[in-house]
Structure formats: structure tokens, C-alpha cells
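Subject: Structure handover

Hello,

Here is the structure for your files. My notes on helix packing and on a few single residues follow it.

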Amino acid sequence: MTIKLLAGTAICLMASVPAFAAEYRIAVGDGAGGTQEALGKAFVEALEKESGGEMTGKLFVNGQLGDEQDTVTAAATGTLDFSILAINNITPFSPSVGTLTLPYVILSQDDAEKVTQGEVGQQMVEQTIEDAGVRIIGWGYSGFRVLTNSKKPVSTVADLQGLVVRVPKNEIMIETYKSWGINPTPMAWGETFAALQQKVVDGQDNPYMTVNAMKFYEVQKYITDLRYIFSIEPLIVSEALFESLSEDEQQHVLAAGEAATQASAAFLREQESRIRDELVSRGMEITKPADDEKEFIELATTNVWPKFYDQIGGVEVLNGVLASLGRDPV
Ligand code: MLT
């Protein structure tokens, strides 16, 4: 769904920017101001630079081009060019990516960067093309998914009981909450704000950056500083579109994706603690999980990991990720 765009004539004459540039549509699941938009802006800027102005992109934030999971299907069928979304919303289409949503596998931003930008990340790129018909060309980093709710401070697994928590339609996340003793409510991302507002659900989890970009502070009061999933937000391109590009154009897309990845890592490092403080100043209350999160960690790793070995392609896939992070195999 590329459109040809008439670039400003004066600029064309002065800087030899072509009169027509290919403008690609880029779906962004979250609202403006978050990690996803920052990744998208960095990508567009780099794409224009790499291609000498022949290629550009237009961001459509806040799920305007469809819910995150639907954008994967749209890109696979060639009706959408690019999408930026949380990795948990790609997992249903490419289960091996689920290794990155297994609870407590990625324990820091360094881990997230190491895994996605190394050999493991490259294998996931190839697997996702095969499974889902989309190519990951950039990685965004949003930070840990913290739990928010409107009812009470939660610091232990016992505190969680009785809360109705929305999760993405992602089996690993559903099973994680079950391991903590509650039955979560799977729901599309685009419906989440309204469900919180109308109190259909009490809470949800997402990174600080996303809680802020989505204005969840308007409908949520309490935050629990969980660290069970570090949210990785890939930039994907329709493989059909990618294959239709010339070799030079493909290189521009890949180089711009790489530049956007680096910009996203820097954005999170620079912005996360400021955003966290901003949420507090807007009235949110942050609670630390008791006992360094030990109970959450033990329940989730013991009960959830083994259930997904087959789906992610075998326990060796998880062990490959752990080895790349210098950790012991299971
Ligand atoms: C979700 O909770 O469905 C996603 O993590 C939302 C997002 O992309 O930020």
C-alpha cells in the first residue's frame, strides 16, 4: 500500500531530492510519545537519509491501522507495509519468538539488546519470515512490563488474588498469571483503555513508557514494579513488500532499521526514569514486589517454562538464549 508522494518542489530543486518518493504506511500500536513512536520516527528519518529522499514513511499511532495482532496478518498479506508492535503480539504467529516472552528470561536492557542484536535475534528474524510472512528489521526496547491496577497496592502473589487483570492474547502470559493463582482476561490491545476505564478489568501490565503513552494514569492508580517480561517492540515489514524492493532499496530499509534499533535503546536509557517520575507526579503509587520478587519468579519459571518448550522449538532454543546471556541451561 505504498503511495507516491510529491516532495516539496523548492526542496527538490535545491537538494536534488526526487520529485516522487515512495511513502510507506507504518502502523504503531501505542499512542504518541512512547517507545514505538520514537522507533518509528528514527526509522523514517534514517530511511529518508539512506535513500536520498526516495523512500519515506508515515506513522499512524494509536492502532489507527488496526489492532497489533491484526497488523501482522495485514503485513503478511501485503495490505500493510510496516508495523511496530510488542513482541508478545507476534508470538501467536511465530511461536519461537515466544522465548523472549517467557517470564524472567530477559533480565535487563543489556540482555534484551544482546539477544535481539546477536545470533539468536537473527534466527528469530528468519523464523518469523517463514512462520508469519513478516520480516523484523528493527528492535525497539520499552522496559519491563509493570503491573497496574485501580484497586490496591500489590506486593505479593497473595495481594494479586481477586484482581481481574487484562493480558494480551498470548498463551505464555495467560499461563504466567495462572501460575500466580489468577485467571487473567485475554483482550486485544485496542480495547484495553476502555476496559480499564469502564472497570471491566481492574488492571493490566505494560512498561512505564507505554503506561504513559496510553494515558493509563487516568484510569489506574497502583503500579507493581514487576520484572517478568522485558518488552521488546519489533519493527516489521511485509515480506512481500521487502521482496518486491530492489537490492539497494532493501539495503536502505535494513540500514534504517539498524539505526532505529540503536536510537530506541538510547531513548529508553534516557527517558525511562523521567517517565516513571512523571507517573508518580500524576498520582500513581509504585510498590516493590516483596522479597525481591522471589515468589513470582519461582512460580512462573517452574510452572510456565516447561509448558512451552515444544512451542518455542524445544528446550534447546531456550538454552541457546540463556547461553547467549551467560546463564546456565535448564
Ligand atoms: C499489549 O499489551 O498488547 C502490548 O504490549 C501493547 C503494546 O504494544 O504496547
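Helix H7 (residues 171-179) packs against helix H12 (residues 294-304) at an angle of about 125°, and the two axes are 9 Å apart. Since oblique covers what is neither roughly parallel, nor roughly antiparallel (over 145 degrees), nor roughly perpendicular (65 to 115), H7 is therefore oblique to H12. H7 passes H12 in a right-handed crossing. On the H7 side the contact is made by Ile172, Glu175, Thr176 and Ser179, and on the H12 side by Leu299, Ala300, Asn303 and Val304. By class, these residues divide into four nonpolar, three polar and one charged. Please note that this is a predicted model, and that what follows rests on it too.

An α-helix has 3.6 residues a turn, so residues three or four places apart point the same way. That spacing is worth keeping in mind when reading the contact lists.

Just ahead of H12, Glu293 lies in the loop between strand S11 (285-287) and H12. Its phi is near 70°, a positive value in a residue other than glycine. Glu293 has 4% relative accessibility and therefore counts as buried, the limit being under 20%.

Lys199 also has a positive phi, of about 60°, although it is not a glycine. Lys199 sits in the loop between helix H8 (192-197) and strand S8 (203-207). Is Lys199 buried or exposed? Its relative accessibility is 58%, so Lys199 counts as exposed, for which the threshold is over 50%.

Next, helix H2 (residues 35-50). Its 16 residues should span 22 Å at 1.5 Å a residue, and the end C-alpha atoms are 22 Å apart, which agrees. The buried residues in H2 are Thr35, Gln36, Glu37, Ala38, Leu39, Gly40, Ala42, Phe43, Val44, Ala46 and Leu47. After H2 comes Gly52, with a positive phi near 60°.

H2 crosses helix H11 (residues 247-281) at roughly 140°, and their axes come within 8 Å. H2 is therefore oblique to H11. The crossing of H2 and H11 is right-handed. From H2, the residues in contact are Thr35, Ala38, Leu39, Ala42, Phe43, Ala46, Leu47 and Glu50. They meet a set in H11 that includes His252, Val253, Ala256, Ala260, Ser264 and Phe267. The contact of H2 with H11 holds 13 nonpolar, five polar and one charged residue.

H11 has a further partner in helix H4 (109-117). The axes of H4 and H11 come within 12 Å and cross at roughly 175°. How are H4 and H11 oriented to each other? They are roughly antiparallel, because the crossing angle is over 145 degrees. Gln109, Asp110, Glu113 and Gln117 in H4 meet Thr261, Gln262, Ala265, Leu268 and Arg269 in H11. By class, this contact has two nonpolar, four polar and three charged residues. Thr261 appears in the contact with H2 and also in the one with H4.

Helix H5 (residues 119-132) has 14 residues and reaches 20 Å from its first C-alpha to its last, close to the 20 Å expected. Its buried residues are Val120, Gly121, Met124, Val125, Thr128, Ile129 and Ala132. Those buried residues pack against H4, helix H3 (68-76), strand S5, helix H10 (239-244) and helix H14 (315-324). Just after H5, Gly133 takes a positive phi of about 70°.

Leu147 is in strand S5 (residues 134-149). At 1% relative accessibility, Leu147 counts as buried. Beyond its neighbours up to four places away in sequence, Leu147 touches Val154, Leu160, Val165, Tyr177, Gln204, Asp205, Tyr222, Ile223, Thr224 and Leu226. Leu147 and Phe308 are 161 residues apart in sequence, and their C-alpha atoms are 23 Å apart in space.

Finally, Asp67 lies in the loop between strand S3 (55-60) and H3. With 18% relative accessibility, Asp67 counts as buried. Outside the four places on either side in sequence, Asp67 is in contact with Ala188, Trp189 and Gly190. The C-alpha atoms of Asp67 and Glu298 are separated by 33 Å, with the two residues 231 apart along the chain.

Regards

Definitions and conventions:
Residues numbered from 1 in each chain as written. Predicted model: local features only at pLDDT ≥ 70, side-chain atom pairs only at ≥ 80, totals over all residues. Heavy atoms only, no water. Axes fitted to C-alpha atoms, helices over the stretch in contact; angles between N-to-C directions. Helix = DSSP H or I, 4+ residues; strand = E, 2+ residues; numbered from the N terminus. Parallel < 35°, antiparallel > 145°, perpendicular 65-115°, else oblique. Left-handed = near helix turned anticlockwise from the far one by under 90°. Contact = heavy atoms within 4.5 Å. Nonpolar A, V, L, I, M, F, W, Y, C, P; charged D, E, K, R; others polar. Expected span 1.5 Å × (residues − 1). Buried < 20%, exposed > 50% of the residue type's maximum accessible area, 1.4 Å probe, protein only.
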